[in-house]
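Colleague: Could we go through this structure together? I should like to begin with a single side chain and then move outwards.

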Amino acid sequence: MIEEKDFPKSESVDIMLFSEGTYPYVKGGVSAWLLQLIKGLPEFSFGVCFVGAQEIVDGKKMEVSYEFPPNLKHLEVHYLFDEDKIIQPKRKKGSKEGFEAVESLYNSFRDTGKEIPKMLQKIEFYSKEVTFSDFLHSERSWDFINKVYLENCPDVPFVDYFWTLRNIHKPIWILAEIVEKLPKTKIFHSPSTGYAGFLGALASYNTNRPFLLTEHGIYTRERKIDMLSADWVEYKKPSLLQQPEEYNYIKRMWVTFFEKIGQFCYNRSNHILSLFSGAQKIQINFGADENRTLVIPNGVDVDTLRATMVDREEIPRPIVTLIGRVVPIKDIKTFIRAIKIASQTIPNIEGWIVGAVEEDKEYVNECQQMAISLGLKEKKQIFDGNKSDMSAEEIEASSDKIKLFGHSDIKKILPKSAIQTLSSISEGMPLVILEGFAAGVPCVATDVGSCRDLIEGGIEEADFEIGIAGAITGIANPEALANEYIRLLHFENGDWKRAQESALERVEKYYRQELFLKDYRDLYNEAKELTWSELKKRVFPYYLPKPPPRPRVMLKRFKIVKFVTTLDERSK
């Protein structure tokens, strides 16, 4: 096990990446993307600044999940909500100017049209003007907190309001201290807004170095969903006393905080990147400047994955594989129901579930119990972490129609799969679809994230003309999924072969890893010798009072002309 004392350290790096709850501790997803970027661009030296909630999760200390590439020169970790050290309060008045700025910050959170005050964009404010101790213990702080409480939510218990305000603001001081001690960096790059994005934006403000933002999911929207559905921030007046327009004030405080942090990141980013056009549209709706938005889709190692096709049978067994975590957002239960329905027509169909099973053990048990009750599984598998009590060979040989593999090598799984599927209720740009395409596996997926663009085409007209690489269905519709499985697994009709050919052509033309890496190499090479201000002039020459010295060069490979959601609309 790699200990923190063994982490690489450096006084300077080319690129500093900010990781919020992902690399190097969590496998897959954004972690895999960050590692792909670091390893794929060995000519740059990288640093990673990890921020998490707490070091101890479910009673266990977080463990590093990856070996470090040689060009990862710096790694540091920080936790925002670990137990506080006991601070003896000392009576103090507090800075008048500082708390005027804090009040301006609070007002900017309430009004989405206002920017975070310029005073709070500088590290010196947090270390000198208003320290965290000042915010907690000074008389001016108490007066400020009491004032806004009485003005806005006197029906909420004061202790709930106080601790909410404290927990909202506490990370800002921690993040400011992190920025102050970062190694010398040429380019800051964050894969999200939120705390990671705030780090990148604040570091950019304080060094005048370029800042790139790549959103894998729309962080602000995801946190809004989390907060509005969470019960740990729940406080409501009795229903008879509520006004019709009222909703939980505590939740609204968190939502507006993340909205403002998102805007702070957008305002400072030299480039605002997304993985697909739908996400780009959402960014613009959340306040991103359209002129700064670029779309750089994920890429996969097509050649390595295509080589696995030598292990594929000419007519594959009817195996439908879902590669993903066994968690509610992936809606594994709908997939299990779909396999049950399809088995009435294709008795030897199997549903393989390949992915982490340790994140939500209760949900894993529920899925297994459902499969047993539907006659698709004989008994529950027992897992130690992500390792089953059965070997992969034993799982394959069992008579079960629903089989859970835990973490597995997809290069061994995909050649045995006839169809890949996703039954998710939410996705960004699923890399697994592209990996399946490269291995010659069509996909049936729900209409979430970029799944429709990947399967039907969404980049340009030539992409649509390639054809459909599987099928798209609505969410939570097992019958629709089953019907598509049955159609594609009826190999005599030729639909599966045509879908496979479209999948292979699309991933080869638009989603090779080399294209993805070239785009980021171009962005890094352009920015590394420039300041933030110089790069801004180069990216936005029409902001200048004089004609630009050279034509504006946009690195995006395609531009959104019109947003459509169905093939019928595209044909109009």
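Colleague: What joins the side chains of Lys-377 and Gln-381?
Modeller: In this predicted model, the side chains of Lys-377 and Gln-381 are joined by a polar contact of 2.7 Å. The side chain of Lys-377 also makes a polar contact, of 3.4 Å, with the side chain of Asp-400.

Colleague: Is Lys-377 buried or exposed?
Modeller: Lys-377 has a relative accessible area of 5%. Buried means under 20%, so Lys-377 counts as buried.

Colleague: Where does Lys-377 lie, and which residues does Lys-377 touch, not counting those up to four places away in sequence?
Modeller: Lys-377 is in the loop between α13 (361-373) and β12 (383-384). With those sequence neighbours set aside, Lys-377 touches Gln-368, Ala-371, Ile-372, Asp-400, Ile-402, Lys-403 and Leu-404.

Colleague: Let us turn to another loop. Where is the place of Asp-289?
Modeller: Asp-289 is found in the loop between α10 (277-285) and β9 (293-295). Its relative accessible area is 18%; the limit for buried is under 20%, and therefore Asp-289 is buried.

Colleague: What lies 2.9 Å from a polar atom of the side chain of Asp-289?
Modeller: That is the backbone nitrogen of Asn-291. In addition, Asp-289 and Ser-269 are separated by 20 residues in sequence, while their C-alpha atoms are 9.7 Å apart in space.

Colleague: Now the sheet, please. In what order do the 6 strands of the open sheet come?
Modeller: The order is β14-β11-β10-β15-β16-β17, and the pairing is parallel. At the edges are β14 (402-406) and β17 (470-473), each of which pairs on one side only. From one strand to the next, the twist averages 20°.

Colleague: Over how many bridges do β10 and β15 pair?
Modeller: Strand β10 (residues 319-323) and strand β15 (residues 419-422) pair over 2 bridges, in the parallel sense. Thr-321 stands opposite Gln-420 in β15.

Colleague: Which helices pack on the sheet?
Modeller: One of them is helix α12 (residues 332-343), which touches β10, β11 (350-354), β14 and β15. The direction of α12 makes about 160° with that of β11. Helix α16 (residues 431-438) also packs there, touching β10, β15 and β16 (443-446). The direction of α16 makes about 170° with that of β15.

Colleague: And what about β15 and β16 as a pair? Over how many bridges do they pair?
Modeller: They pair in the parallel sense over 3 bridges. Val-444 in β16 is the bridge partner of Thr-421, and Ala-445 in β16 is the partner of Leu-422.

Colleague: Are the faces of these strands covered or uncovered?
Modeller: Both faces of β15 are covered: Ile-419 and Thr-421 are buried on one side, and Gln-420 and Leu-422 are buried on the other. Both faces of β16 are covered as well, with Cys-443 and Ala-445 buried on one side and Val-444 and Thr-446 buried on the other.

Colleague: Which residues touch the most other members in the largest nonpolar core?
Modeller: Of its 51 residues, these are Phe-18, Tyr-161, Leu-175, Leu-182, Phe-198 and Leu-199. Helix α6 (residues 158-180) gives the most to this core, with 10 residues. In soluble globular proteins, nonpolar side chains tend to be buried together.

Colleague: Which residues does Leu-199 touch, apart from those up to four places away in sequence?
Modeller: Leu-199 touches Phe-18, Cys-49, Val-51, Leu-175, Ile-178 and Val-179. There is also a second, separate core of 38 residues, which includes Phe-405, Met-429, Leu-434 and Tyr-511.

Colleague: One more helix: how far apart are the end C-alpha atoms of α1?
Modeller: They are 16 Å apart. Helix α1 (residues 29-40) has 12 residues, so at 1.5 Å a residue it should span 16 Å, which agrees.

Colleague: Which residues of α1 are buried, and what do they pack against?
Modeller: The buried ones are Ser-31, Trp-33, Leu-34, Leu-35, Gln-36, Leu-37 and Ile-38. They pack against β1 (12-20), β2 (46-52), β5 (72-79), β6 (184-190), β7 (211-215) and α21 (513-527).

Colleague: Finally, how many helices and strands does the protein chain have?
Modeller: The chain has 23 helices and 17 strands. Of its 572 residues, 53% are buried.

Terms used. Residues numbered from 1 in each chain as written. Predicted model: local features only at pLDDT ≥ 70, side-chain atom pairs only at ≥ 80, totals over all residues. Heavy atoms only, no water. Helix = DSSP H or I, 4+ residues; strand = E, 2+ residues; numbered from the N terminus. Expected span 1.5 Å × (residues − 1). Buried < 20%, exposed > 50% of the residue type's maximum accessible area, 1.4 Å probe, protein only. Contact = heavy atoms within 4.5 Å. Core = buried A, V, L, I, M, F, W, Y, C linked by side-chain atoms within 4.5 Å. Pairing = 2+ DSSP bridges. Axes fitted to C-alpha atoms, helices over the stretch in contact; angles between N-to-C directions. Polar contact = N/O pair within 3.5 Å; in protein donor to acceptor, adjacent residues only side chain to side chain.
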